[in-house]
Amino acid sequence: MFVDSTLEQFQETLGLADVSSGTVALVTTTLLLSAALAYRKLTEEKVEGKIPPVIPSTIPFLGHAVSFGSSPIEFLLAAYEKYGPVFSFTMVGKTFTYLVGSEASALMFNSKNENLNAEEVYSRLVTPVFGKGVAYDIPNSIFLEQKKMFKTGLNIARFREHVHIIENETKDYFKRWGTNGTNDLFVALSELIILTASHCLHGREIRERLDEHIAQLYADLDGGFTHLAWLLPGWLPFPSFRKRDKAQKEMKQIFHEIIQKRRANPNPDDDMLQTLIDAKYKSGRSLSDEEISGMLIGLLLAGQHTSSTTSTWMGFFLAKDKELQKRVYEEQLRVCGEGLAPVDYDQLKDMQLLDRCLKETLRLRPPIMTMMRMCKTPQNILGYTIPPGHQVCVSPTTNHRLPDTWKDFDKFLPDRFIDPEVANSEKFAYIPFGAGRHRCIGESFAYVQIKTIFSYLIRKYEFDLVDDYFPEVNVSTMIHTPSKPLIRYQLRKP
Ligand code: HEM
């Protein structure tokens, strides 16, 4: 999903920041990286046809890791200017080929999994967190069946209930903010979204068990999503790997108990957990407890950072543009009436300006900066042949900023989506949720969740930047989070 190594991360990669015995880690890592380099040389086949232009580098092994890592989007946009929509470069012994713009990106989104393969690039990172038998640990045809089960569980009748659940959780959570002050919006929304997602996507029983200990287990699981985990085998003795594995075991045990109780319940709740218990593969087989718990972990973590980062960025875009914030508040009054009664799903749908604000936030700050696949067979695109062994990448952040596609590309202008020509522009110009066989199944839920939270927040508070500071993008994390995300708030005067 992501490639954004910096020098700091490379140190992390070398084990200098994450291991008690630095020497052992360094030796192991150096050996592994050398082996990886040798393996790449073997697997990167020669092909007939013109290979994509290569951005030259004089730095052995590291290649462009430092310049890409410190400002990935500037790096990619400059490369697009110079080399066009398809180009390659090396980092930490791997070759990355980027497809920039709608036409080139089509290769990834229309491809078959056996040609451009997701498991090979994501499994090492994801399987130790979600566990065996789900997502990238299984053939893609089976994962597609699991995604279909998720889609069955994410239906409009459920969303209608989710809106009330999310509004109540938000109301409870923000009591602690009081009437005015300055607070970390990212911390607040990350904590809130674990509560709302667990309640809506896991169900009442699991939400009731959610306490500080379980929140810590999620944090340890989440600590598995690092560059280190992406580059190195999971059995290495790094503390963060051990914590992740321990948390996964304990989390699954808790889920197994709840699943067993639910299976025995003659009057079960109607929720996602029940959908998964009732689901069957095409073969007629039901999901095992192990599969269900892996899918539940996956559901929560797939939406956690993506939604909390996106909603935090939206808060800052609204705090920065007070006129827009006022319009969003006025839309609440227009859609829900002067009394501002609790919001419902149909009203949420009618909040078109809030919708466009979220859409524009996802254009300028898509949480998944890069989607990746391993090239398994020679791939032809725009006159070039990409050899097997390359990691083929599409970056939503880059496609969303191409000056030839997006007028005033770096400005936050939600009303740009009123124009049908922009809304229906080139097929893969706007791809915050990906496309094709790996497309996100959580888009509608994410919209329901973030719009409900913001309906509540914008009614309650007026937001301002602190000393005019708009957060910079922290590119050292896998998902590009806001740096120093402090926001000022005070009760909104009616
Ligand atoms: C703002 C919120 C979200 C964003 C921007 C987002 C973005 C994405 C993107 C870009 C992909 C494609 C990855 C690729 O092609 O490599 C994806 C896939 C996926 N997402 Fe989301 N996501 C969000 C929320 C969610 C939520 C809430 C859930 C669960 C309820 C979820 C579950 C999934 C799943 C299961 C996949 C499929 C991965 C695959 O088939 O390989 N996402 N998401």
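Cys-440 is partly exposed, at a relative accessible area of 34%; on this scale buried means under 20%, exposed over 50% and partly exposed in between, using a 1.4 Å probe and protein chains only. The model here is a predicted one, in which local features need pLDDT of at least 70 and side-chain atom pairs count only at pLDDT 80 or more, while totals for chains, interfaces and linings use all residues. Residues are numbered from 1 along each chain as its sequence is written, and side-chain values use heavy atoms, with hydrogens and water left out.

What does Cys-440 do with its SG atom? That atom sits 2.3 Å from the iron atom of the ligand and is the single donor that the protein supplies. Donors are N, O and S atoms within 2.8 Å of the metal (3.2 Å for Na, K and Ca), and water is not among the atoms, so sites may look incomplete. Cys-440 belongs to the loop between α20 (420-423) and α21 (443-460). Helices (H or I, at least four residues) and strands (E, at least two) are DSSP runs, numbered from the N terminus. The unreviewed UniProt entry also has a "binding site" annotation covering Cys-440; UniProt positions follow the numbering used here, feature names are shortened, and annotations may be inferred rather than shown by experiment.

As for the cysteines, how many disulfides turn up in the whole structure? The search finds 0, a disulfide being a pair of cysteine sulfur atoms within 2.5 Å. Take Cys-357: its closest cysteine sulfur, in Cys-336, is 15 Å away, so that is too far for a bond. Cys-357 is also buried, at 0% relative accessibility.

Cys-336 brings us to helix α16. This helix covers residues 322-336, and its 15 residues should span 21 Å at 1.5 Å a residue; the end C-alpha atoms are indeed 21 Å apart. The expected span is 1.5 Å times one less than the number of residues. Among the buried residues of α16 are Leu-324, Val-328, Tyr-329, Leu-333 and Cys-336. The buried residues of this helix pack against α15 (289-320), α17 (345-350), α18 (352-364), α21 and β9 (461-465), where contact means heavy atoms within 4.5 Å. Right after α16 comes Gly-337, with a positive phi near 90°.

Aromatic rings come next, with 27 pairs in the structure. Rings of Phe, Tyr and Trp (its six-membered ring) pair if their centres lie within 6.5 Å; planes under 30 degrees apart count as stacked, over 60 as edge-to-face and the rest as tilted. One edge-to-face pair joins Phe-68 and Phe-75, at 5.5 Å centre to centre and 80° between the planes. Phe-68 is buried at 0% relative accessibility, and Phe-75 is buried too, at 14%. Trp-406 and Phe-417 have ring centres 6.2 Å apart and planes at 70°, so this pair is edge-to-face. Trp-406 and Phe-417 are 11 residues apart, each in the loop between α19 (396-399) and α20, and both are buried. Phe-68 and Phe-75 also belong to one aromatic cluster with Phe-87, Phe-89, Phe-96 and Tyr-98.
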